[in-house]
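Work through these exercises with the model open beside you. Try each task before you read its solution.

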Amino acid sequence: MSEYPDVEMEALVSAVARVSGQTATVVLEDFGVFLALPLMNMYKHLIPGDWKTLDVIEKTEETIHHVVRVQTPGAKPPVLQTIRRSEDEVVLTYGSPRKLCALAIGIARGVAKRFNENIEVTQTKCMHNGAPYCEIVFRKGWKF
């Protein structure tokens, strides 16, 4: 695992968006869904067997991001803050100069896919709309 300059990722996202006709937000979210499984496999030793999607979202900062910062000098995962409002809801505060909140949403969707769960996602604040941070509400979705 290594770090790449942000401009390289921005160029790749722009190119994929242009070629696919999708927005950069959709490209980042789809990429997050794709990344979720490899990331979960890489850090599965940090994820207890009884955790589900909302648990992973709630505990990412104190488990996975903490280890990433210790093991990979120079790594800059975003600092995440979470509030567990209920068994069925987690509020994530995302703040990063990279403004990759769409990637975070995609990773959460990919985690839910890995657990065969549905989640509802509502972004109530976004840095792309002038907010100082992003606030994303994740709720356990229901299957009918």
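The exercises below go from the whole chain down to single residues, and the model they use is a predicted one.

**Exercise 1. The fold in outline**

Task: Find how many helices and strands the protein chain has, and write down their order along the sequence.

Solution. Step one: count. The protein chain holds five helices and four strands. Step two: read along the sequence. The pattern is α-α-α-α-β-β-α-β-β. Step three: check the size. The radius of gyration is 15 Å, close to the 15 Å that the globule rule gives for 144 residues, so the chain is as compact as a globular protein of that length. Step four: box it. Along the principal axes, the C-alpha atoms fill roughly 40 × 40 × 30 Å.

**Exercise 2. Inside and outside**

Task: What share of the 144 residues is buried, and what share of the accessible surface belongs to carbon and sulfur atoms?

Solution. Step one: take the interior. Of the 144 residues, 38% count as buried. Step two: take the surface. The accessible surface comes to about 8,800 Å², and carbon and sulfur atoms account for 57% of that. Step three: look at the contacts. Consider those with a separation of 6 or more; 52% of them link residues 24 or more positions apart. Step four: place the charges. The chain has 17 positive and 17 negative charges, and their mean positions are 2 Å apart.

**Exercise 3. Helix H4 and its partners**

Task: List the buried residues of helix H4 and say which elements they pack against.

Solution. Step one: locate the helix. H4 covers residues 61-71. Step two: list. Glu61, Thr63, Ile64, His65, Val67 and Val68 are buried. Step three: find the partners. These buried residues pack against helix H3 (53-59) and strand E1 (79-86).

**Exercise 4. Three residues of H4**

Task: Describe the surroundings of His65, Glu61 and Val67 in helix H4.

Solution. Step one: start with His65. Its relative accessible area is 11%, under the 20% cut-off, so His65 is buried. A polar atom of its side chain lies 3.0 Å from the backbone oxygen of Pro78. Beyond its neighbours within four places in sequence, His65 is in contact with Thr60, Pro77, Pro78 and Leu80.

Step two: move to Glu61. Its side chain makes a polar contact of 2.7 Å with the side chain of Arg69. Leaving aside neighbours within four places, Glu61 is in contact with His66, Arg69, Pro78, Val79 and Leu80. Step three: compare the lists. Pro78 and Leu80 appear for both His65 and Glu61.

Step four: finish with Val67. It is buried, with a relative accessible area of 16%. Val67 and Tyr43 are 24 residues apart in sequence, and their C-alpha atoms are 9.2 Å apart in space.

**Exercise 5. Positive phi in two loops**

Task: Where do Lys99 and Asn116 lie, and what is the phi of each?

Solution. Step one: recall the general case. Most residues other than glycine have a negative phi. Step two: take Lys99. It lies in the loop between strand E2 (89-95) and helix H5 (101-114). Its phi is near 55 degrees, a positive value. Lys99 is partly exposed, at 36% relative accessible area. Step three: take Asn116. It sits in the loop between H5 and strand E3 (119-125). Its phi is also near 55 degrees. Asn116 counts as exposed, since its relative accessibility is 57%, over the 50% cut-off.

**Exercise 6. Buried or exposed?**

Task: Decide whether Cys134 and Pro73 are buried or exposed, then give one C-alpha distance for each.

Solution. Step one: take Cys134, in strand E4 (residues 134-140). Its relative accessible area is 0%, so Cys134 is buried. Not counting residues up to four places away, it touches Leu92, Thr93, Tyr94, Cys101, Gln123, Lys125, Cys126 and Met127. Gln123 is 11 residues away in sequence, and the C-alpha distance is 7.3 Å.

Step two: take Pro73, in the loop between H4 and E1. Its relative accessible area is 72%, so Pro73 is exposed. Asp50 is 23 residues from Pro73 along the chain, and their C-alpha atoms are separated by 30 Å.

Definitions and conventions: Residues numbered from 1 in each chain as written. Predicted model: local features only at pLDDT ≥ 70, side-chain atom pairs only at ≥ 80, totals over all residues. Heavy atoms only, no water. Rg over C-alpha atoms; globule rule 2.2 N^0.38 Å. Buried < 20%, exposed > 50% of the residue type's maximum accessible area, 1.4 Å probe, protein only. Contact = heavy atoms within 4.5 Å. Areas by Shrake-Rupley, 256 points an atom, 1.4 Å probe, with all protein chains shown as cover. Lys, Arg positive; Asp, Glu negative; His and termini not counted. Charge placed at Lys NZ, Arg CZ, Asp CG, Glu CD. Polar contact = N/O pair within 3.5 Å; in protein donor to acceptor, adjacent residues only side chain to side chain.
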